[in-house]
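Q: I have a structure open and want to learn how to read its features. Where do we begin?

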Amino acid sequence: MAKYFVSEAFGPHLRALARVAYFKIVSKDEPLAKRFLYKLYQYIIWFLIFLYNLQHLIRVVQVRNSIEQLVDTLFILLTTLNCLGKQVAFNAKSQRVKEIFNVIDGPVFAPTKPHHLEVMKKNTVSMAHLLLIYQCGSMFCVCLWFIFPFVNRALGKEIAFTGYLPFDASESPAFELAVLYMTFTIGIQAYGHVGMDCTIVALYRQATVQVQLLRYNLEHLMDTDDENVKIEARIITKTNNERHVNKDNTYDPSDMIQRRLVDNANHYKTIASFVKEVESIFSEAMIVQFFAMAWVICMTVYKIVSLSILSAEFMSMAMYLGCMLGQLFIYCYFGTELIMESEFICQSIYCGDWLSLSPSFRRKLLLLMSYCKRPLALRTAYIIPMSLNTYIAVLKSSYSLFTFLNRN
């Protein structure tokens with residue numbers, strides 16, 4: 001079977017993050033000048049992001065007595081702060097992120113059967129499609145945000161920017177420059193945010209794929225190297241004195257079954273460690289994600305209900321709301337998928353041809369089932385599970401906040 005690197009599934013995600021200098025695994029083999037220029041580019045991007053957030057913080061202080069203007073600013077600020085939290089996690093813990101990718105490309109996660117390769121390639125395609133769809137949605141939203149100030153200005157409406165500007169932006173060319181700056185900066189953050197979300201979700205999905213491969217291996221524990229050809233039961237039940245060598249001096253298949261069982265146990269242990277490490281690296285960012293998301297969805301809906309359905313701003317806000325709902329949904333959906341897939345590990349062991357094994361080997365399988373009976377789950381703050389139930393709870397919280405704001 002041809003050599004296949006599991007990290008190929010993350011190629012589009014890492015390239016997207018590198019384009020906006022949000023994260024890049026820099027090789028020491030690259031020329032010094034190239035590394036210096038990339039680091040300079042990264043500093044420029046960080047400066048623009050901090051400046052953009054500072055402008056919105058100043059704006060929040062300026063309009064703190066006006067709910068309408070405060071909502072206009074906060075729904076953007078909370079989103080960009082959420083993005084900043086993930087960006088800090090990727091870069092402050094870059095060494096741990098690199099080690100995760102080393103595990104992904106390690107021998108434990110590598111495909112060993114044609115079925116493994118097929119599952120991994122399908123996962124690579126699906127994750128690339130998810131990234132592309134999410135990127136198209138976010139960029140379309142940014143384009144609408146660029147258009148609607150010009151449309152509203154042409155209609156004679158007053159334009160209020162969400163961030164603080166130290167100059168009067170009501171006249172040309174200051175107005176055009178302000179719109180370009182705001183759109184460009186939010187566009188960079190939207191593109192980077194999409195890349196980080198899809199990368200984290202792809203890590204979740206990679207854990208699920210590995211559980212699927214583990215289940216397949218456990219269900220076919222008794223297969224020979226030829227697919228679906230079972231090893232005869234009489235070979236596995238030999239006595240200890242007969243285990244190691246057959247009459248033709250070849251290794252006994254019972255040893256191969258034993259090694260497979262050990263490999264599967266190590267595979268599960270590596271998957272569990274991988275899940276815990278991903279959860280640990282992004283734990284703080286996910287706390288910000290869930291708490292900020294309830295407010296962002298609430299404020300976006302609050303803003304939408306006051307807009308005309310035919311306005312350009314309504315279209316842009318509706319697209320923005322869809323992106324926010326989708327962002328939270330993919331985390332919870334793939335978190336639920338991991339939980340459900342890992343719940344069937346014991347069933348896969350039971351579905352194997354364990355009746356042909358000796359009683360002592362069956363006890364080993366029983367121990368493995370006891371070890372794997374607790375489903376793998378990704379959690380926020382090590383408490384809140386990434387599941388669809390959590391997604392519904394966040395939407396309920398957003399609706400409660402919306403009714404409170406709308407009543408006031």
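A: Begin inside. This is a predicted model. Four helices, α3 (67-92), α5 (114-154), α6 and α10 (312-343), each supply at least two residues of the lining of the largest cavity.

Q: How many cavities of 30 Å³ or more does the structure hold, and what is the volume of the largest?
A: The structure holds three. The largest has a volume of about 220 Å³.

Q: Which residues lie nearest the centre of the largest cavity?
A: T79, A190, H193, Y320 and M324, out of 18 lining residues.

Q: What about the largest pocket: what is its volume, and what lines it?
A: A pocket is open, while a cavity is one the probe cannot get out of. Here the largest pocket has a volume of about 750 Å³. Its lining counts 30 residues, with F148, A160, T162, K303 and E313 nearest the centre. Two or more lining residues come from each of α2, α3, α5, α6 and α10. The largest share is that of α3, with six residues.

Q: How do I check the length of helix α6 (residues 174-219)?
A: Compare expected span with end-to-end distance. At 1.5 Å a residue, the 46 residues of α6 should span 68 Å; the end C-alpha atoms are 67 Å apart, so the two agree.

Q: Is α6 mostly covered or mostly exposed?
A: Mostly covered: 39 of its 46 residues are buried.

Q: And on the surface, which residues make a nonpolar patch?
A: F47, L51, L54, L57 and I58 make one of about 430 Å². Take L54, in helix α2 (residues 32-62). Its relative accessible area is 46%, between the 20% and 50% cut-offs, so L54 is partly exposed.

Terms used. Residues numbered from 1 in each chain as written. Predicted model: local features only at pLDDT ≥ 70, side-chain atom pairs only at ≥ 80, totals over all residues. Heavy atoms only, no water. Expected span 1.5 Å × (residues − 1). Buried < 20%, exposed > 50% of the residue type's maximum accessible area, 1.4 Å probe, protein only. Patch = residues over 30% accessible without salt bridge, like charges linked within 9 Å, V, L, I, M, F, W, Y side chains within 5 Å. Areas by Shrake-Rupley, 256 points an atom, 1.4 Å probe, with all protein chains shown as cover. Salt bridge = Lys/Arg side-chain N within 4 Å of Asp/Glu carboxyl O. 1 Å grid on protein atoms, 1.4 Å probe; cavity = no way out; pocket = protein on both sides within 12 Å on 5 of 7 lines; lining within 4 Å. Points joined across faces, edges and corners; volume = space filled by probe spheres on them.
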